Amino acid sequence: MASLTKKELQKKYQEYKEQGLALDMTRGKPGVEQLDLSLPMLDLVTSKDYKTVAGADTRNYGGLDGIPEMKEIFKDFLEVSSTDEVIVGGNSSLTLMHDTISHAVTHGFPESKKPWGEQKVKFLCPSPGYDRHYSICEHFGIEMITVPMTSKGPDMDVVEKLVAEDKAIKGIWVVPKYSNPTGITCSKKTVKRLATMKTAAKDFRIMYDNAYTVHHLSKEQDELENILDLAKEAGTENRVLIFGSFSKISFAGAGVAAMGAAKVNIDWMKGHLSMSTIGPDKLNQIRHTRFFKDMKGVEKHMKKHAKIIAPKFEAVDEILEKELGGKGIASWTKPNGGYFISLDVPKGCAKEVVKLAAEAGVKLTAAGATFPYKNDPKDENIRIAPTLPSMGEIKLATRVLAVCVQLAAAKK
């Protein structure tokens, strides 16, 4: 598309402002159609039928690490070897990640000489990345070190150098598949390097948030190497903590989450869990197992999700290509899965784009949110979340966004 003059852009922008829009693309929430797919689940547990396959009463206390049939599904979901390597929790994997760090701060991991809260602790944060990971670090006073993301995952040359020389670096956040927000999947080599790298800290942990493992958008599906298997071969299995949930599979506010790890970590986590709960919501777990049955059922269900949201991603890409393609002022990702599109605008323009969009009635994730301390050093990255709005809203919001990008670039 031919470039518009600054005056023409201003006119177009003013027309959008006068429409009184109220469009929201701030967070990666499932749309109503996606949530509707799981509604039959609510009819699968009744006042006369609430027991597990083995006959356990899900109304009562017990089952600290989840019902057996839910653990079986998560064994395959998290790609661990046995249900002994799984803890099934409540509805949020974020809660499990937060509590894991909290327990490390108060008590340390099995290899820790003293609790993390009694020493200087740093975390590596591949960026752009997931803002809530960074919020956990800030909450516990953990220093964050920004690591560049490459097309193959975290920049492993940087990661390996830092973890080998600084024993205060206790961990790294990784979204290994269809990462938030870039949609990148870690290469086989990257996963192997994470599993086998030398770390100065003996209690180093990889917080492996595999949130989008089955969230494919096309037939061209990314493959992810099994990190726990590689770590076991290298004798480093204790460093791997895998997290996942059904929040973007069934119900965002009432899914089921789990953690997968070597048994020493599972026993450590169960010890802490026993102090805070007598068991998770087993009625919700049994609903899920009856609905999905097994991992094949999960994968079949996710194909229905893809039919709903893939066209929204395609619409964003088509409009960005039409309005911004070939102008040298923007680049964006075209992921094979996940929930986000990562848009890079000219250096120093991201905050201005988000501000302009907000004034025109389109809410975007705050510029800088995808970096530690909300500080994008180049002020260029914007996360687009296409799943929640309707198709019409997505198209309109993306057109407004494209005008804002061009305006900000023209001002710059």
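Why does the second largest pocket lie between domain 1 (6–30 + 299–410) and domain 2 (48–293)? Both domains give residues to its lining, so the pocket lies between them. This is a predicted model. The report below takes the pockets, then the long helix α11, then the cavities and the unusual backbone sites.

## Pockets

The second largest pocket holds about 450 Å³ of space. Its lining counts 21 residues. Nearest its centre lie Thr 213, Val 214, His 216, Gln 221 and Glu 299. Two helices, α3 (68–78) and α11, each supply at least two lining residues. The largest share, 6 residues, comes from α11. By class the lining divides into 7 nonpolar, 5 polar and 9 charged residues.

The largest pocket has a volume of about 520 Å³. Here the lining has 23 residues. Gly 28, Tyr 130, Arg 132, Ser 247 and Lys 248 are the ones nearest the centre. Helix α4 (residues 93–107) gives the most to this lining, with 3 residues. The class split is 9 nonpolar, 8 polar and 6 charged. This pocket also lies between the two domains, because domain 1 (6–30 + 299–410) and domain 2 (48–293) both give residues to its lining.

The table sets out the spaces by volume and lining class.

| Space | Volume | Lining residues by class |
|---|---|---|
| Largest pocket | about 520 Å³ | 9 nonpolar, 8 polar, 6 charged |
| Second largest pocket | about 450 Å³ | 7 nonpolar, 5 polar, 9 charged |
| Largest cavity | about 110 Å³ | 10 nonpolar, 4 polar, no charged |
| Second largest cavity | about 60 Å³ | 6 nonpolar, 2 polar, 2 charged |

## Helix α11

Helix α11 gives the second largest pocket the largest share of its lining. It runs over residues 295–324, 30 residues in total. From first C-alpha to last it reaches 40 Å, close to the 44 Å expected at 1.5 Å a residue. The helix is not straight throughout: α11 bends by about 35 degrees at Ile 308. A proline, Pro 311, follows within four residues of the bend.

Both ends have a feature to check in the viewer. Asp 294 caps the N-terminal end. One of its side-chain oxygens lies 3.2 Å from the backbone nitrogen of Lys 296. Just after α11, Gly 326 takes a positive phi of about 75 degrees.

## Cavities

How many cavities of 30 Å³ or more does the structure hold? There are 4. The largest has a volume of about 110 Å³. It is lined by 14 residues, and Pro 126, Gly 129, Trp 173, Val 174 and Val 175 are the closest to its centre. The elements α5 (131–139) and β6 (169–174) give two or more residues each to this lining. The lining has no charged residues; 10 are nonpolar and 4 are polar.

The second largest cavity contains about 60 Å³ of space. Its lining consists of Leu 78, Glu 79, Tyr 208, Asn 210, Leu 224, Glu 225, Asn 226, Ile 227, Leu 228 and Ile 242. Of these residues, 6 are nonpolar, 2 polar and 2 charged.

## Unusual backbone sites

Most residues other than glycine have a negative phi, and most peptide bonds are trans. Three sites depart from that pattern.

Glu 79 is one of the residues that line the second largest cavity. It has a positive phi of about 60 degrees, although it is not a glycine. Glu 79 sits in the loop between α3 and β2 (86–88).

Where are the cis peptide bonds? One joins Ser 127 and Pro 128, with omega about 5 degrees. Pro 128 belongs to the loop between β3 (122–127) and α5. Helix α5 also contributes to the lining of the largest cavity. Another cis bond runs from Asn 180 to Pro 181, with omega near 5 degrees. Pro 181 is placed in the loop between β6 and α7 (188–196). Strand β6, too, gives residues to the lining of the largest cavity.

Terms used
Residues are numbered from 1 along each chain as its sequence is written. This is a predicted model: local features need pLDDT of at least 70, side-chain atom pairs count only at pLDDT 80 or more; totals for chains, interfaces and linings use all residues. Side-chain values use heavy atoms; hydrogens and water are left out. On a 1 Å grid over the protein atoms alone, a cavity is a set of points where a 1.4 Å probe fits but cannot get out, and a pocket is an open set with protein on both sides within 12 Å along at least five of seven lines; lining residues have an atom within 4 Å of a point. Grid points are joined across faces, edges and corners, and a volume is the space filled by probe spheres set on the points. Ala, Val, Leu, Ile, Met, Phe, Trp, Tyr, Cys and Pro count as nonpolar, Asp, Glu, Lys and Arg as charged, and the others, Gly among them, as polar. The expected span of a helix is 1.5 Å times one less than its number of residues. The bend at a residue is the angle between axes fitted to the seven residues ending there and the seven starting there. A polar contact is a pair of N or O atoms within 3.5 Å; within protein, one must be able to donate a hydrogen and the other to accept it, and residues adjacent in sequence count only if both atoms are side-chain atoms. Domain bounds come from an automatic or database domain assignment.
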